[in-house]
Amino acid sequence: MTIKMVIGIINRKCEKMELIENINKKEYEEFIKSSSYTHFMQSYDFGEIKKKKNYIPHYVGLKDNNKLVCTALLLEKKLLGKYCYYYVPRGFTIDYSNKE
């Protein structure tokens, strides 16, 4: 499964929202810091650290009316041949105050 396939699955599930594939560091960190349900393993810097262990970080999110409402750090790990797996440390971060 490629990152494009994973993004496609997310896109189909969240038709009303805009999927952002590469959130910039500032916007990602501001959202993470504003949430009270986060973990250091969901931070932008954790993804950068995991590069040293041969993971490829993907910073993705969902925007509703141009407002970021959900983020996730997808860590891609290449395996033998054409195979890979994706890991989302501690899950996604979501704006629970947004009831819509």
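Two residues are in contact when their heavy atoms lie within 4.5 Å. Keep that in mind as we look around this predicted model.

Let's start with the overall layout. The chain has three helices and five strands, and from the N terminus they come in the order α-β-α-α-β-β-β-β. Of the chain's 100 residues, 42% are buried. Take the contacts between residues at least 6 apart in sequence: 52% of them link residues at least 24 apart. On the outside, the chain exposes about 7,000 Å², with carbon and sulfur atoms supplying 54% of that area.

Now for the inside. The largest nonpolar core has 13 residues, and the ones touching the most other members are Ile23, Tyr28, Phe46, Tyr59, Leu73 and Leu75. Each of the elements in this table gives that core at least two residues:

| Element | Residues |
|---|---|
| Helix H2 | 25-34 |
| Helix H3 | 44-50 |
| Strand S2 | 55-64 |
| Strand S3 | 67-78 |

Which residues does leucine 75 contact, leaving aside its neighbours within four places in sequence? The list includes Phe46, Gly47 and Lys50, along with Tyr55, Ile56 and Pro57. It is completed by Tyr85, Tyr86, Tyr87 and Pro89.

Some of those tyrosines bring us to strand S4, which covers residues 84-87. S3 and S4 run antiparallel and are joined by four bridges. Glutamate 76 sits opposite tyrosine 86 of S4. The two strands, S3 and S4, make a hairpin with five residues between them. In the turn, glycine 81 has a positive phi of about 70 degrees.

Terms used
Residues are numbered from 1 along each chain as its sequence is written. This is a predicted model: local features need pLDDT of at least 70, side-chain atom pairs count only at pLDDT 80 or more; totals for chains, interfaces and linings use all residues. Side-chain values use heavy atoms; hydrogens and water are left out. Buried means under 20% relative accessible area, exposed over 50%, partly exposed in between (1.4 Å probe, protein chains only). Accessible areas come from the Shrake-Rupley method with a 1.4 Å probe; for residues, only the protein chains shown count as cover. A nonpolar core is a set of buried Ala, Val, Leu, Ile, Met, Phe, Trp, Tyr and Cys residues joined through side-chain atoms within 4.5 Å. Two strands pair if DSSP finds at least two bridges between them.
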